[in-house]
Each structure stands twice: as C-alpha cells, then as structure tokens.
Amino acid sequence: MPRSMFQSKPVVCLISGRGSNLEAILRTAQAENWQAACGIQVVRVLSNERQAQGLEVARAYGVPADTIAHADFPTREAFDAALAEAIDRHAPELVVLAGFMRVLTSGFVARYRERLLNIHPSLLPAFAGLHTHRRALEAGVRVHGATVHFVSDQLDGGPIVAQAAVRVLPDDTTETLAQRVLGQEHLLLPRCVRWILEGRVRLNGERVVVTGARPDELLALPR
Ligand code: GRF
C-alpha cells in the first residue's frame, strides 16, 4: 500500500466572504479524489465573518465550518490567539487563506511559518493590499493576475509558489478584469495546495522550488 493511502494530511481553510476559492479547492479535491490519492483532507473551515457565504459552501461539501468573529475580540492579538487555538485542534499540515481578509499578527504568522498559504489577486510584488483590479486599471498595466505565496509578516509578502497572468484589455472594467483573474485563481490555488501536501515544494531562501512542475503551471500565461 503506498504511504499516501494511510497518511492523513489535514488542511484548515480560513475565509471571510464569498468562498469561491474555497469552493475551487473542495471541488478539485473531490474531482481528483485527494483523500485517496494523497491523504489530503480539508477538515475545517473558519471564518472571521458570520455572514460569509463560504460557510455554506463548506457545509455543502460536508466540511464543518465555524465563525470566530474578529469583532468579538478586543485586540488583534486576542483574535489571532483564538483563531490559532481553533486551528491547532486539527493539527493541520497547511493553513490556507482562501479569501481571508484580515491582517494577521506577526506572532500568528511565525507560528505557521511555511504552513500558511495565501492567494492574492495581483501579480505580486505589484499591487499588494486592497482594490488590486481598480489599481491595475488606473496604472495602465497590460498584464495583471494572481499569486499564491507563503505568508510572511509583510503585507501580501512572502515566497511565491506560482502565478497566473491575464491580459488587461482596453475595454476592461474592474468587474470584467476581476472575473478573469478569479477564473485563474480557481485553477492556481488548488494546484499549489496539492503540490505542497504532496511534498513537492521546498523553500530555498526566499525562493520556492517545486519538483516536477511545468513552467506553464508555475506561471500561467494568457493565450
Ligand atoms: C479573491 O480574489 C482572493 O484572491 C482574495 O480575496 C478574494 C476572495 O474571493 N484574497 P473568494 O471569497 O474566494 O470568492
């Protein structure tokens, strides 16, 4: 029996809203049968927002989902401590920020060093922070996209695992551009999660090395 058949690799996903990236992970996990193929299982979804639609997405896939509302805590540190406690109950190999819109304290980031993955809707290091699509249009860039990276304590910083680029078209609006980027995010994030849990990803200083990845998987380019 291959090792992967009995080795469990729990994943916890953190969300704040719609949950389309979470859905992409859960859909891909089901389609590729991650649990049987490599032991990967999303065991819990946690939201910092009670109203997050992604909570229903999780439940629709049979994944337990809870809210730990940041608004209930007096400080960032107190919220992050409660979040860490909830995460650690599941001893995850990977914590995925799948549309988690809260800045985390450096203590939290340090605790999950090399186990904390984020997706950001721009080609980092360009356009860290919010409103990336609007800012890309305002800047007049011809290329935009999404980045999956390990989280450091710099805002939207940390070693890059993979990126996907889209063309910025002359008649793009923030909505059309966001939609095209999001389509790429949904391919990019599940792929990176799987690579990491298959043990194919290692850090070499600030650079990420992925064993056996094709160039077009590390950087998806527009046709
Ligand atoms: C995505 O664009 C993601 O890159 C960013 O927040 C958005 C979340 O969307 N971090 P969803 O909740 O996954 O639909």
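These legends accompany close-up views of a predicted model and its bound ligand. Residues are numbered from 1 along each chain as its sequence is written, and side-chain values use heavy atoms, with hydrogens and water left out. Local features need pLDDT of at least 70 and side-chain atom pairs count only at pLDDT 80 or more, while totals for chains, interfaces and linings use all residues.

**View 1. The shell around the ligand.** Here you meet R18, G19, S20, N21, G99, M101, I119, H120, P121 and E185 around the ligand (each with a heavy atom within 4 Å of it). Three of the shell residues are nonpolar, five polar and two charged (Asp, Glu, Lys and Arg count as charged, and Gly is among the polar ones). Domain 1 (1–112) and domain 2 (120–223) both give residues to this shell, so the ligand lies between them (bounds from an automatic or database domain assignment).

**View 2. Polar partners of the ligand.** Follow one ligand oxygen atom to an N or O atom in the side chain of S20, 2.5 Å away. An oxygen atom of the ligand also lies 2.6 Å from an N or O atom in the E185 side chain. On the backbone side, a polar atom of I119 is 3.1 Å from a ligand nitrogen.

**View 3. Two backbone features to look for.** The peptide bond from L124 to P125 is cis, with omega near 10 degrees. E114, although not a glycine, has a positive phi of about 65 degrees. Most residues other than glycine have a negative phi, and most peptide bonds are trans.

Terms used:
Polar contact = N/O pair within 3.5 Å; in protein donor to acceptor, adjacent residues only side chain to side chain.
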